[in-house]
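Visitor: I am new to this structure and would like to learn how to read it. Could you walk me through its features, step by step?

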Amino acid sequence: MADIVSVSGLFEGSEDIAVARELARAFLADVQAVHGLPVSEYAMDAVELVVSELVTNARKYAPGPCLLTLEVVGGAVEVTAWDSNPTPPTVLAPDPTRIGQHGLEIVMAVGQSFAVHREPVGKRITTTIALADDPCGAAAGRRP
């Protein structure tokens, strides 16, 4: 059985969004340096962006803390954010004229998957991002 490679953090203030991004970057640096798994620069940037968007939304729309978990599964990292608000997020249709509220569009565009699960208290949002770029040269992320 392989070791589980994961990290979690609890965030309660808007200033913690930067701390969440740093947690993600440090985690992926360790995944590469300590565990020897390839992590592309694209994956570093995409995970940091997704973490920022999910933690920002949790802090903005849910009372109480946000729990962030990053876990390596196969050749990808699952990014999961839990918050206390049971209402699923509204995924708006793409609209280039809209100012703001593009966070979930971004998360869905860079992730290979996107899921929202209701919990006994609140909800959990999970997306998966490939750790390495496609061997054919395409950037890692959602495939057409």
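Guide: We will look at the helices, then the sheet, then one residue in a strand. This is a predicted model, in which local features need pLDDT of at least 70 and side-chain atom pairs count only at pLDDT 80 or more, while totals for chains, interfaces and linings use all residues. Residues are numbered from 1 along each chain as its sequence is written, and side-chain values use heavy atoms, with hydrogens and water left out.

Visitor: How is a helix checked, and what span should the 18 residues of helix H1 have?

Guide: Helices (H or I, at least four residues) and strands (E, at least two) are DSSP runs, numbered from the N terminus. The expected span of a helix is 1.5 Å times one less than its number of residues. For H1, residues 16-33, that gives 26 Å, and the end C-alpha atoms are 25 Å apart, which agrees. For the 21 residues of H2, the expected span is 30 Å, and the end C-alpha atoms are 30 Å apart, again in agreement.

Visitor: Which residues of H1 are buried?

Guide: Buried means under 20% relative accessible area, exposed over 50%, and partly exposed in between (1.4 Å probe, protein chains only). In H1 the buried residues are Asp16, Ile17, Ala20, Ala24, Phe27, Leu28 and Val31. They cover an arc of only 125° around the axis, which puts them on the same side of H1. The arc is that of the directions from the helix axis to the C-beta atoms.

Visitor: What covers those buried residues of H1?

Guide: Covering is read from contact, meaning heavy atoms within 4.5 Å. The cover of H1 includes strand S1 (6-11), helix H2 (41-61), strand S2 (66-73) and strand S3 (76-83).

Visitor: Is Asp16 buried or exposed?

Guide: Asp16, which lies in H1, has a relative accessible area of 17%, so Asp16 counts as buried. A polar atom of its side chain lies 3.0 Å from the backbone nitrogen of Glu12. Such a polar contact is a pair of N or O atoms within 3.5 Å; within protein, one must be able to donate a hydrogen and the other to accept it, and residues adjacent in sequence count only if both atoms are side-chain atoms. Asp16 and Thr56 are 40 residues apart in sequence, and their C-alpha atoms are 9.2 Å apart in space.

Visitor: What packs against the buried residues of H3?

Guide: The buried residues of H3 are Gly103, Leu104, Val107 and Val110. Seen down the axis of H3, they fall within an arc of 140°, so they line one face of the helix. Their packing partners are H2, S4 and S5.

Visitor: What is the order of the strands in the sheet?

Guide: Two strands pair if DSSP finds at least two bridges between them. Here five strands form an open sheet in the order S1-S2-S3-S5-S4, with antiparallel pairing. S1 and strand S4 (113-118) are the edge strands, each pairing on one side only.

Visitor: How many bridges join S2 to S3?

Guide: Seven bridges join these antiparallel strands. Val73 stands opposite Ala76 in S3, and Leu68 stands opposite Ala81 in S3. The hairpin of S2 and S3 has two residues between the strands, and Gly74 there takes a positive phi near 65°. On its other side, S2 pairs with S1 over six bridges, with Glu71 as the bridge partner of Ser6.

Visitor: Which residues make up the covered face of S2?

Guide: The covered face holds Cys66, Leu68, Leu70 and Val72, whereas Leu67, Thr69, Glu71 and Val73 make up the uncovered one. S5 is mostly covered, with seven of its eight residues buried.

Visitor: Where does Lys123 lie?

Guide: Lys123 lies in strand S5 and counts as buried at 5% relative accessibility. A polar atom of its side chain lies 2.9 Å from the backbone oxygen of Asn85, and one lies 3.3 Å from the backbone oxygen of Thr87. Lys123 is also the bridge partner of Asp83, within the antiparallel pairing of S3 and S5 over eight bridges.
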